[in-house]
Amino acid sequence: MGTNGSTMLQPLRQGLPPLDPAAVSDAATCALPAHYEAVGEARGFTRTTLDGWGTGERTDDVCLVVSELVTNALRHALPSAAPARSDHCPPVRLHLLRWAERLVCAVRDPSRETPVTRDAEDDFSAESGRGLFLVDSFSDGWGWHPLAGSLGGKVVWALFRLPMTAQARAD
């Protein structure tokens, strides 16, 4: 766990509305292990972080989207025989960035594969495959970008508009 919003903003800025890195109110990050229990860990980290930030009514939506993004990263972005990685270079990392009226959750993974959404006519009774449909339904926008340099992989992000708080209006 730690904070570092500016590192994640470069790839995100390409597909998001203009977000000034200097205006980030809060940022938090969490390294996630390569096992499915990490989904619950990511959801708990998100809920605790957002409760501390006072984001209120969007918390459940953000937690659902984080669950889907982390599940997708674990299911589709990690090789089936992924070697154990050190804590210094975890396979999946969750980033939460908050501005006065916006929140971005971003999940970094080691794959460069394009996230694929299901078509509306696909079978919605299927056990899986609806993750990005849910991300699209519960967020105010989402996208992905490959990462350059030594990090490699990609970031899949979701944007949430937040109601303006009284404190933010006073600032």
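Let me begin where two helices touch: in α2, the residues A38, V39, A42, R43, T46, R47, L50 and D51 meet T59, D60, V62, C63, V66, S67, V70, T71 and L74 in α3. When we sort the residues of this contact by character, they divide into nine nonpolar, four polar and four charged. I should say straight away that what we are looking at is a predicted model, so please keep that in mind as I go on.

How do we describe such a pair? In general, two packed helices are described by the angle between their axes and the distance between the axes. Here, α2 and α3 pack at an angle of about 150°, with their axes 9 Å apart, and because angles over 145 degrees count as roughly antiparallel, these two helices are roughly antiparallel to each other. As for the handedness, α2 passes α3 in a right-handed crossing.

Now, α3 has another partner, and that is α4. The axes of α3, which covers residues 59-77, and of α4, which covers residues 131-138, come within 9 Å and cross at roughly 155°, which makes α3 roughly antiparallel to α4. In this case, the crossing of α3 past α4 is left-handed. On the α3 side the contact is made by D61, L64, V65, E68, L69 and N72, and they meet G131, L132, L134, V135 and F138 in α4. The residues of this contact divide into seven nonpolar, two polar and two charged.

Let me step back to the whole chain for a moment. The protein has five helices and five strands, and if you read along the sequence, they follow the pattern α-β-α-α-β-β-α-β-β-α. Of its 171 residues, 44% count as buried. If we take the contacts between residues at least 6 apart in sequence, 68% of them join residues at least 24 apart.

That brings me to the interior. The largest nonpolar core has 29 residues, and those with the most contacts inside it are L32, V66, L69, V70, L94 and C105. Which elements give two or more residues to this core? They are β1 (26-32), α2 (37-53), α3, β2 (92-98), β3 (102-109), α4 and β5 (154-161), and the largest share, seven residues, comes from α3. Apart from this core lies another one, of nine residues, among them W99, L147, W157 and L159.

To finish, I would like to look at two single residues, taking one from α3 and one from α2. Is A73, in helix α3, buried or exposed? A73 counts as buried, because its relative accessibility is 2% and the cut-off for buried is under 20%. Leaving aside its neighbours within four places in sequence, A73 is in contact with L78, V92, V107 and D109. A73 and P110 are 37 residues apart in sequence, yet 8.6 Å apart in space, taken from C-alpha to C-alpha.

The other residue is T49, which is found in helix α2. With a relative accessibility of 12%, T49 also counts as buried, and if we do not count residues up to four places away in sequence, T49 touches A28 and L96. When you turn the model yourselves, you might start from α3, which meets α2, meets α4 and gives the largest share of the 29-residue core.

Note on methods:
Residues numbered from 1 in each chain as written. Predicted model: local features only at pLDDT ≥ 70, side-chain atom pairs only at ≥ 80, totals over all residues. Heavy atoms only, no water. Axes fitted to C-alpha atoms, helices over the stretch in contact; angles between N-to-C directions. Helix = DSSP H or I, 4+ residues; strand = E, 2+ residues; numbered from the N terminus. Parallel < 35°, antiparallel > 145°, perpendicular 65-115°, else oblique. Left-handed = near helix turned anticlockwise from the far one by under 90°. Contact = heavy atoms within 4.5 Å. Nonpolar A, V, L, I, M, F, W, Y, C, P; charged D, E, K, R; others polar. Core = buried A, V, L, I, M, F, W, Y, C linked by side-chain atoms within 4.5 Å. Buried < 20%, exposed > 50% of the residue type's maximum accessible area, 1.4 Å probe, protein only.
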